[in-house]
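Trainee: I'd like to learn how to read surface and burial features off a model. Can you walk me through it?
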Amino acid sequence: MDRHNLPLQQAGLTDLPCACATARQVARVLTQLYDSRLRGSDLEAPQFALMMTLEQEPCSQVDLGRRYALDKTTVSRNLKLLERKGWIESAVTSDKRKREFILTTAGRQRLAAAKPQWKKAQNQLRAGMAAGQWDSMFRVFKTVIQAAQTLQNEAGQKERKI
């Protein structure tokens with residue numbers, strides 16, 4: 001039995017009956033996998049994801065935070081790093097109070113160079129799963145996100161009523 005098919009505890013990971021701890025563990029393990037594949041591109045997985053979004057359309061810091069469920073500080077830190085490297089730039093919108101971020105030519109080139117490594121990580125992860133598990137994983141992720149957001153919204157509404 002190879003390391004990838006071991007129960008969590010035998011693989012050196014803690015197996016807790018806690019959705020939050022397990023989800024964070026999954027996020028860290030996946031981030032490590034993608035970071036290791038992206039290493040040669042000088043991008044980390046979170047930065048790659050932000051750049052993929054900016055390739056599709058310009059976005060404000062607030063929009064990016066909402067899309068990735070990230071706090072303002074985390075988004076700001078990643079955007080500043082990408083801006084410092086010359087891969088994104090801010091642009092003033094019709095609403096002068098709002099800035100949107102766009103990929104620069106260098107950013108588009110960096111992203112294009114990183115995509116094959118990202119694709120490799122995707123394909124390797126998918127190959128490590130049984131048929132149907134890949135699609136099932138995304139359905140479960142979406143269900144968890146929806147349930148957690150619904151509960152957060154309900155809790156927020158109750159707090160506002162108090």
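Mentor: Sure, here come a few features of this model, taken one by one. Keep in mind that the model is predicted.

Trainee: Let's start on the surface. Which residues form a nonpolar patch there?

Mentor: Residues in a patch need over 30% relative accessible area and no salt bridge. Here the nonpolar patch consists of Val26, Phe138, Phe141 and Ile145, which together have about 330 Å² of accessible area.

Trainee: And which helix gives the most to the nonpolar patch?

Mentor: That's helix 6, residues 133-161, with 3 residues. Phe141 is found in helix 6.

Trainee: Is Thr93 buried or exposed?

Mentor: Buried means under 20% relative accessible area. Thr93 comes in at 16%, so Thr93 is buried. Thr93 sits in the loop between strand 1 (88-92) and strand 2 (99-103).

Trainee: What does the side chain of Thr93 reach?

Mentor: The backbone oxygen of Lys98, at 3.1 Å. Leaving aside residues up to four places away in sequence, Thr93 touches Lys98 and Glu100.

Trainee: Now a loop between helices. Why does Glu57 count as partly exposed?

Mentor: Partly exposed lies between the 20% and 50% cut-offs. Glu57 has a relative accessible area of 35%, so Glu57 is partly exposed. You'll find Glu57 in the loop between helix 2 (45-56) and helix 3 (61-68).

Trainee: With which side chain does the side chain of Glu57 make a polar contact?

Mentor: With that of Arg67, at 2.7 Å. As for Ile145 from the patch, Glu57 and Ile145 are 88 residues apart in sequence and 23 Å apart in space, C-alpha to C-alpha.

Definitions and conventions
Residues are numbered from 1 along each chain as its sequence is written. This is a predicted model: local features need pLDDT of at least 70, side-chain atom pairs count only at pLDDT 80 or more; totals for chains, interfaces and linings use all residues. Side-chain values use heavy atoms; hydrogens and water are left out. Patches are made of residues with over 30% relative accessible area and no salt bridge: like charges are joined within 9 Å, nonpolar side chains (Val, Leu, Ile, Met, Phe, Trp, Tyr) within 5 Å. Accessible areas come from the Shrake-Rupley method with a 1.4 Å probe; for residues, only the protein chains shown count as cover. A salt bridge is a side-chain nitrogen of Lys or Arg within 4 Å of a carboxyl oxygen of Asp or Glu. Helices (H or I, at least four residues) and strands (E, at least two) are DSSP runs, numbered from the N terminus. Buried means under 20% relative accessible area, exposed over 50%, partly exposed in between (1.4 Å probe, protein chains only). A polar contact is a pair of N or O atoms within 3.5 Å; within protein, one must be able to donate a hydrogen and the other to accept it, and residues adjacent in sequence count only if both atoms are side-chain atoms. Contact means heavy atoms within 4.5 Å.
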